[in-house]
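Here are a few exercises to work through with the model open beside you. Try each one before you read the solution.

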Amino acid sequence: MKGTPMTDSQNENKRPTRFLSGVQPSGKLHLGNYFGALKQHIALQDEAEAFYFIANYHAMTTVQDRDLLAEQTLAVAMDYLALGLDPEKAVFFRQSDVPEVNELAWMLSAVTGKGLLDRATSFKDKVARGITPSMGLYYYPMLMAADILIYRSTVVPVGEDQVQHLEMTRDMALAFNNAYGEIFPLPTVRLDAGAKVPGLDGQKMSKSYDNTIEIFEEGKRLRKRVMSIVTDSTPLEEPKDPDACNVFSLYQLFSDEAEQEELREKYRTPGFGYGNAKQILFEKLDAYFAPYREERKRLENDLGYVEGVLAEGGARARAEAQKTMRLVREAAGIPGMPVSAVETT
Ligand code: ADP
Ligand code: TRP
């Protein structure tokens with residue numbers, strides 16, 4: 001990959017920060033999504049302008065049941081709102097409410113070498129996991145680049161697995177700018193400390209590995225998931241190594257230094273078993289998400305509000321996207337936006 005430097009200090013554009021990120025509604029969100037994405041997205045809404053969306057066009061590459069896609073899209077919206085996304089601060093919307101991204105993706109594809117997409121590792125990984133190698137799956141990074149560039153975003157907070165997509169986005173932006181002038185800022189990536197949350201089996205937690213703990217799981221089912229975390233076979237009467245234990249890794253996400261030290265001490269004490277550690281983790285997790293669960297239940301009974309938030313966010317995002325598309329069309333020699341589609345703002 002050609003790649004271009006991606007650190008903030010090298011972000012040559014002097015625009016004010018605009019965060020943008022998206023999450024696919026391809027299943028129920030889990031602790032990996034929370035610590036690797038949602039939690040930081042929500043925190044960043046207080047730092048600068050932020051655009052967050054639910055990538056339902058992208059999810060079409062894996063979810064081809066209409067009811068399920070619509071249901072999961074709404075579920076992700078409720079998850080974000082329950083966890084603290086404030087629609088007064090961040091622009092929160094459905095990807096498909098801005099159909100212009102597809103037009104931009106096409107325009108970017110005209111200046112992007114096919115070799116760039118051939119090198120995308122996420123395509124290869126997904127095909128290796130049995131997902132159909134459709135054109136959409138192959139084209140996925142083009143649409144993602146358009147998502148980022150159409151809002152002229154400057155910083156994209158994502159997990160480790162998305163870094164290559166950001167490098168590709170920068171290459172596409174450069175190619176477009178070289179052909180048509182400086183339209184797009186080059187976005188930088190922002191990685192968070194929670195970049196890799198382990199799953200029940202110790203691999204990366206992921207919907208595709210059936211090793212997740214869902215954010216909004218509760219009661220017996222939550223307990224059952226926690227109890228099925230894989231541990232080694234150190235006998236009860238022997239001291240255990242917290243740093244080699246999945247239960248402890250997950251516990252660290254929810255606790256402060258003092259609490260961690262306390263649990264470390266217990267691990268070193270003969271007679272303390274993994275079952276005890278799991279019970280402690282379960283209680284911690286259960287308490288941590290309890291207020292968010294309450295809020296989510298409230299939202300489930302107020303779907304009109306949720307729909308309203310998405311509709312309003314969609315209109316704001318679309319107006320912004322249309323501004324960019326006017327510049328892009330002008331630069332590319334494609335006659336201006338049809339009048340009926342242009343917002344009157
Ligand atoms: P999944 O692997 O479950 O399909 P996605 O690929 O849809 O998850 O990821 C959505 C977001 O959550 C991305 O920003 C990704 O980096 C983050 N994420 C997913 N799994 C983890 C994990 N185990 N640890 C940290 N971040 C994760
Ligand atoms: N590909 C991202 C994921 O699977 C989702 C996504 C789509 C995205 N478009 C984006 C993330 C734009 C950041 C910016 O997690």
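**Exercise 1.** Work out which residues belong to domain 1 and which to domain 2 in this predicted model, and how far apart the C-alpha centres of the two domains lie.

*Solution.* Start with the split: domain 1 takes 18–196 + 303–341, while domain 2 covers 216–299. Next, take the C-alpha centres of domain 1 and domain 2, which are 34 Å apart. Then list who takes part in the contact: 13 residues from domain 1 and eleven residues from domain 2.

**Exercise 2.** Find the area buried between domain 1 and domain 2, and say which three residues supply the most of domain 1's share.

*Solution.* The buried area comes to about 1100 Å², and carbon and sulfur atoms give 71% of that. Now look at the domain 1 side: Leu31, Phe35 and Ala82 supply 43% of the area that domain 1 buries against domain 2, and no other three residues give more.

**Exercise 3.** Track down the polar links between the two domains, beginning with the salt bridge.

*Solution.* The rule turns up one salt bridge across the interface of domain 1 and domain 2. For Asp79 and Arg296, check the closest N and O atoms: they are 2.5 Å apart, within the 4 Å cut-off, and the two residues form a salt bridge. Polar contacts between the domains come to three residue pairs, with both residues at pLDDT 80 or more.

Now sort the domain 1 side by helix. Helix H1 (31–44), helix H3 (66–83) and helix H13 (303–332) each bring at least two residues to the side that touches domain 2. H3 gives the most, with six residues. By type, this side of domain 1 has eleven nonpolar residues, no polar ones and two charged ones.

**Exercise 4.** Count the salt bridges in the structure, then place the one between Arg329 and Glu103.

*Solution.* The count is 25 salt bridges. In the Arg329–Glu103 pair, the side chains meet at 2.8 Å, N to O. Arg329 is in helix H13 and Glu103 in helix H4 (residues 100–109), so to speak a link between distant parts of the chain, 226 residues apart.

**Exercise 5.** Where does pLDDT stay under 50?

*Solution.* Begin with the chain: mean pLDDT is 93, and 93% of the residues reach 70 or more. Residues 1–5 stay under 50, with 13 contacts beyond four places in sequence in the model. Residues 7–11 are also below 50, and that stretch has seven contacts beyond near neighbours in sequence.

How values were computed:
Residues are numbered from 1 along each chain as its sequence is written. Chains are lettered from A and ligands numbered from 1 in the order in which they are written. Side-chain values use heavy atoms; hydrogens and water are left out. Domain bounds come from an automatic or database domain assignment. Contact means heavy atoms within 4.5 Å. Buried area is the accessible area (1.4 Å probe) that two parts lose on being put together, summed over both. A polar contact is a pair of N or O atoms within 3.5 Å; within protein, one must be able to donate a hydrogen and the other to accept it, and residues adjacent in sequence count only if both atoms are side-chain atoms. Helices (H or I, at least four residues) and strands (E, at least two) are DSSP runs, numbered from the N terminus. Ala, Val, Leu, Ile, Met, Phe, Trp, Tyr, Cys and Pro count as nonpolar, Asp, Glu, Lys and Arg as charged, and the others, Gly among them, as polar. pLDDT is the predictor's confidence in each residue, from 0 to 100.
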